[in-house]
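Trainee: Could you take me closely through one part of this model, the loops on either side of an early strand, and then place that part within the whole chain?

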Amino acid sequence: MDIKESFPTSNMEHKMGCSVLNELRLEDKLCDVVIKASGVEFNAHKNILCCCSPYFRALFKSSWDNGIKKYYDIPGVSSETMEWILEYAYTQTVQISTDNVQNLFIAADYLNILDLVRLCSEFLRSQLCPQNCIGIFKFTEYYYCPGLHQEAYMYVLHNFGNVMKTSDEIHDLSAVELKGLIEKCDLHFKQEEAAFEAIKRIAQHARDSIASPKKNV
């Protein structure tokens, strides 16, 4: 009886394969698709993009034509962000920073690249601090990420005093949102003074905005 065994590809072999494919992309070798973002064209391979993203699978599925390079315009994604997306598609790695994480998250969510969404979420989670937790809370309210959204919310509640004293993002809270935070049972009695100071800051900011004269254009 024949016995067949399958051996997993080593991590080194996988990295080498990714490196070769990425070199082919950068040299425009064997590419069969051009992705356009903000007017910039990127050569790519349909198979690679299909493996990475259900969005690209659906995009290519109805118009697959071997041997003919197709052009696809991806709306709402900057050329810089598309370069990061393609880097991730080919190498499964990307440099995430505070400068690019939001744009990368939005593009990955739009293109349905769930692993990249997860990596961006983990990065944002690692960056949570009094100065940005409100921004992350509101960002993940709009872009579906319930775990991080709840974690950012709890961070605001548990660090309410520091958040209200040091964060300029409190001006992004509506009166209803601020009222909801203050009323939560997680907000300890000792933080009432911080809550009062936050209300004063928001009210003063609103008055200053109204009082500031508009500059002539």
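**Around strand S1**

Mentor: Ser38 sits in the loop that lies between S1 and strand S2 (40-44), where helices (H or I, at least four residues) and strands (E, at least two) are DSSP runs numbered from the N terminus. This is a predicted model, in which local features need pLDDT of at least 70 and side-chain atom pairs count only at pLDDT 80 or more, while totals for chains, interfaces and linings use all residues. Residues are numbered from 1 along each chain as its sequence is written, and side-chain values use heavy atoms, with hydrogens and water left out.

The backbone of Ser38 deserves attention, since its phi is near 55 degrees, a positive value in a residue other than glycine. Ser38 is also exposed, at 53% relative accessibility; here exposed means over 50% relative accessible area, buried under 20%, and partly exposed in between, using a 1.4 Å probe and protein chains only. On the other side of the strand, Leu30 occupies the loop between helix H1 (11-26) and strand S1 (33-37). Leu30 too has a positive phi in a residue other than glycine, near 60 degrees, and with a relative accessible area of 70% it is exposed. Cys31, by contrast, is buried, at a relative accessible area of 12%.

As for the cysteines, the structure holds zero disulfides, a disulfide being a pair of cysteine sulfur atoms within 2.5 Å. Cys51 is accordingly in none, and the nearest cysteine sulfur, that of Cys50, is 7.0 Å away. Cys51 itself is exposed, with 70% relative accessibility.

Turning inward, the largest nonpolar core has 55 residues, of which Ile35, Leu49, Met82 and Leu116 touch the most other members. Such a core is a set of buried Ala, Val, Leu, Ile, Met, Phe, Trp, Tyr and Cys residues joined through side-chain atoms within 4.5 Å. Helix H4 (residues 79-91) gives the most to this core, with seven residues. Leaving aside residues up to four places away in sequence, Leu49 touches Val33, Ile35, Ala44, Phe56, Phe60, Leu86 and Ala89.

For the wider setting, the protein chain has 11 helices and three strands, and of its 217 residues 36% count as buried. Among contacts (heavy atoms within 4.5 Å) between residues at least 6 apart in sequence, 59% join residues at least 24 apart.
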